[in-house]
Amino acid sequence: MVPHRREGLDVEVLAPDYQRIMPALAARTPQGGLRAKDLAQLLELELVPAKVEGLRAKLKRLEERGWVVQSASGRFAAARASAG
């Protein structure tokens with residue numbers, strides 16, 4: 001289960017698979033974000049449809065809970081911490 005992101009929560013509350021995604025997005029995301037396939041390559045996953053689509057599903061779940069944002073072009077980036 002992925003908790004909704006809120007002030008005071010850090011990535012350690014996420015399951016290990018999700019914990020692995022977040023630093024990769026935060027550290028290596030160019031302007032506009034990364035496609036799921038590019039992130040899969042960074043995470044050294046096998047670049048087959050099942051692995052990439054599984055990663056995309058995790059990214060969508062993180063997006064629904066406020067951990068990542070998705071651009072209209074389908075690229076994902078770590079959500080910025082809210083100010084205040």
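**Close-ups of salt bridges in a predicted model**

**Glu 53, up close in helix α3.** In this predicted model, Glu 53 is partly exposed, with 43% relative accessible area. Its side chain meets that of Arg 56 in a salt bridge, at 3.0 Å from N to O. Both residues belong to helix α3 and sit 3 residues apart, which is about one turn of the helix. Arg 56 comes out at 27% relative accessibility, so this partner counts as partly exposed too, lying between the 20% and 50% cut-offs.

**Asp 17 and Lys 58, a link between two helices.** Here the side chains of Asp 17 and Lys 58 pair up in a salt bridge, with an N to O distance of 4.0 Å. This one ties together distant parts of the chain: Asp 17 comes from helix α1 (residues 16-28), while Lys 58 comes from helix α3 (residues 49-64), and 41 residues separate the two. Asp 17 has a relative accessibility of 47%, so it is classed as partly exposed. Lys 58 has 23%, and that makes Lys 58 partly exposed as well.

**Arg 35 and Asp 38, joined by a salt bridge.** The closest N and O atoms of this pair are 3.1 Å apart. Arg 35 shows a relative accessible area of 39%, so it goes down as partly exposed. For Asp 38 the value is 22%; because buried means under 20%, Asp 38 is also labelled partly exposed.

**The whole-structure tally.** Searching the whole structure turns up 4 salt bridges. Among them are the pairs Glu 53 with Arg 56, Asp 17 with Lys 58 and Asp 38 with Arg 35.

Technical notes
Residues are numbered from 1 along each chain as its sequence is written. This is a predicted model: local features need pLDDT of at least 70, side-chain atom pairs count only at pLDDT 80 or more; totals for chains, interfaces and linings use all residues. Side-chain values use heavy atoms; hydrogens and water are left out. Helices (H or I, at least four residues) and strands (E, at least two) are DSSP runs, numbered from the N terminus. Buried means under 20% relative accessible area, exposed over 50%, partly exposed in between (1.4 Å probe, protein chains only).
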